[in-house]
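Hi everyone, thanks for making time. I'd like to walk you through a structure that is probably new to you, so please have a look at it first.

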Amino acid sequence: MEINYDYDIRKTFNDILGADMLGNLCENISDYDLLRLATELLRLATQRLDSDLNNKEINEEYIKLKFIIEQLEQITKNYV
C-alpha cells in the first residue's frame, strides 16, 4: 500500500518539534501507542470544533470525527 504523506504538516512539526519528529515517533513507540496518540489528537481536534458547531458543515465534520474516534477507541480496546 502506498502512503501519501502530508509533507507540509511534517515540515511544520519538524520546525516546531525538531527534525523528523513524526518519523521518530513512528520508529520509537509501539503501534498501540501510536494509535492511542492519533486518537488523542483527533479528540483535541474535535474540542477545537466545539465552538463552531452552529455551522452546518463543521457540525457534519465534527460528527464524522466523533465516529472515527469511537472506531479507533474500539480498535485500541481490541488491540491486545
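Let's start at the beginning of the chain: M1 sits in the segment before helix α1, which spans 7-17. Helices here are DSSP runs of H or I with at least four residues, strands are E runs of at least two, and both are numbered from the N terminus. M1 is exposed, because its relative accessible area is 96%. For that wording, buried means under 20% relative accessible area, exposed means over 50%, and partly exposed lies in between, with a 1.4 Å probe and protein chains only.

Before I go on, a word on the source: this is a predicted model, where local features need pLDDT of at least 70, side-chain atom pairs count only at pLDDT 80 or more, and totals for chains, interfaces and linings use all residues. Residues are numbered from 1 along each chain as its sequence is written, and side-chain values use heavy atoms, leaving out hydrogens and water.

Now the overall picture. The protein chain has four helices and zero strands, and from the N terminus the order reads α-α-α-α. Its C-alpha atoms fill a box of roughly 40 × 35 × 25 Å along the principal axes. Of the 80 residues, 11% count as buried.

So where is a buried residue? Take T39, in helix α3, residues 31-49. T39 counts as buried because its relative accessibility is 2%. Leaving aside residues up to four places away in sequence, T39 touches I69, L72, E73 and T76, where contact means heavy atoms within 4.5 Å.

Next, charges. Side chains of opposite charge can pair when their charged atoms come close. How many salt bridges does the structure hold? There are five, each being a side-chain nitrogen of Lys or Arg within 4 Å of a carboxyl oxygen of Asp or Glu.

In helix α1, K11 and D15 are four residues apart, about one turn of the helix. Their side chains meet in a salt bridge at 2.9 Å, N to O, and both residues are exposed.

Helix α3 offers R36 and D33, three residues apart, with a salt bridge of 2.8 Å, N to O. R36 is partly exposed because its relative accessible area is 43%.

Finally, E61 and K64 both lie in helix α4, residues 56-79. Salt bridges that share partners also join E40, R43 and E73 into one network. And E73, you may recall, is one of the residues that T39 touches.
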